[in-house]
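Colleague: I am new to this one, and I would love a friendly tour. Could you take me through it one question at a time?

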Amino acid sequence: MYAVIRTGGKQYRVSTGEKLKIEKLPAGDVGKELILDEVLLVGEGQAIKVGTPVVKGASVKAKIVSHGLGEKVMTFKMRRRKNSRRHRGHRQSYTEIEITGITGA
């Protein structure tokens, strides 16, 4: 069984036992169970339920594994012959979760 969920402005296709990195969740301690209820699609084999926009009664259970920072992304802007340069770096925060169960309505 798999599901398509929406969290942090992005959509993810998930199945049970899978680990993924999502946008940082503010109120989440490591080891805490959470329920993601914005399920856009639930499917198993040929049986697929598509929501409008979400599937009513469907949810995905997950466990928070860790929090961290992603890879560093460097930006460099330069204007030629103006002696103007800008060099910046950014590391995006993330929360790693493990999918423990999918409930389809």
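**A walk through the strands**

Colleague: Which residue of strand 7 does Leu-36 stand opposite?
Modeller: A word first: this is a predicted model. Strand 4, residues 33-36, pairs with strand 7 in the antiparallel sense over four bridges. Within that pairing, Leu-34 stands opposite Ala-62. Leu-36, for its part, stands opposite Val-60.

Colleague: Which residues make up the covered face of strand 4?
Modeller: Strand 4 has two faces, and the uncovered one holds Glu-33 and Ile-35. The covered face has the residues whose partners in strand 7 we just met, Ala-62 for Leu-34 and Val-60 for Leu-36. That covered face is Leu-34 and Leu-36.

Colleague: In what order do the four strands of the open sheet with strand 4 run?
Modeller: The pairing in this open sheet is antiparallel. Its edge strands are strand 3 (19-23) and strand 4, each pairing on one side only. From one strand to the next, the twist averages 45°. Reading across the sheet, the order is 3-8-7-4.

Colleague: And what is the order of the other open sheet, the one that holds strand 1?
Modeller: This open sheet also has four strands with antiparallel pairing. Strand 2 (10-15) and strand 6 (47-50) have a single partner strand each, so one side of each is left without a neighbour in the sheet. Neighbouring strands are turned by 15° against each other on average, direction ignored. The order is 2-1-5-6.

Colleague: How many bridges join strand 1 and strand 2?
Modeller: The two strands form a hairpin with two residues between them, where Gly-8 takes a positive phi near 65°. Across the pair, Thr-7 stands opposite Lys-10 in strand 2. The antiparallel pairing of strand 1 and strand 2 runs over six bridges.

Colleague: Is Thr-7 buried or exposed?
Modeller: Thr-7 lies in strand 1. Leaving aside residues up to four places away in sequence, Thr-7 touches Tyr-12, Ile-22 and Leu-25. Its relative accessible area is 12%, and the cut-off for the lower class is under 20%. Therefore Thr-7 counts as buried.

Colleague: Which residue of strand 6 is opposite Glu-44?
Modeller: Strand 5, residues 39-44, pairs with strand 6 in the antiparallel sense over four bridges. Glu-44 is also among the residues that Met-1 touches. Its opposite number in strand 6 is Ala-47.

Colleague: What is the relative accessible area of Met-1?
Modeller: Met-1 sits in the segment before strand 1 (2-7). Not counting residues up to four places away in sequence, Met-1 touches Val-14, Ser-15, Thr-16, Val-42, Gly-43, Glu-44 and Ile-102. Met-1 is partly exposed, a class that lies between 20% and 50%. The value for Met-1 is 43%.

Colleague: How far apart in space are Met-1 and Lys-63, C-alpha to C-alpha?
Modeller: Along the sequence, these two are 62 residues apart. In space, C-alpha to C-alpha, the distance between Met-1 and Lys-63 is 18 Å.

Colleague: Stepping back, how many helices and strands does the chain have?
Modeller: From the N terminus on, the elements run β-β-β-β-β-β-β-β. The count is zero helices and eight strands.

Colleague: What is the radius of gyration of the chain?
Modeller: Along its principal axes, the C-alpha trace spans about 60 × 30 × 20 Å. A compact globule of 105 residues would have a radius of gyration near 13 Å. The chain itself has 19 Å.

Colleague: What share of the 105 residues is buried?
Modeller: The chain exposes about 7300 Å², and carbon and sulfur atoms supply 49% of it. Among contacts with a separation of 6 or more, residues 24 or more positions apart account for 64%. Buried residues make up 30%.

Colleague: Last one: which element has the lowest mean pLDDT?
Modeller: For the chain, the mean pLDDT is 94, and 99% of its residues reach 70 or more. Among the elements, strand 7 (residues 59-79) has the highest mean, 97. The lowest mean, 92, belongs to strand 6.

How values were computed
Residues are numbered from 1 along each chain as its sequence is written. This is a predicted model: local features need pLDDT of at least 70, side-chain atom pairs count only at pLDDT 80 or more; totals for chains, interfaces and linings use all residues. Side-chain values use heavy atoms; hydrogens and water are left out. Buried means under 20% relative accessible area, exposed over 50%, partly exposed in between (1.4 Å probe, protein chains only). Contact means heavy atoms within 4.5 Å. Two strands pair if DSSP finds at least two bridges between them. Axes are lines fitted to C-alpha atoms, for helices over the stretch in contact, and angles run from 0 to 180 degrees between N-to-C directions. The radius of gyration is taken over C-alpha atoms; the globule rule is 2.2 Å times the number of residues to the power 0.38. Accessible areas come from the Shrake-Rupley method with a 1.4 Å probe; for residues, only the protein chains shown count as cover. pLDDT is the predictor's confidence in each residue, from 0 to 100.
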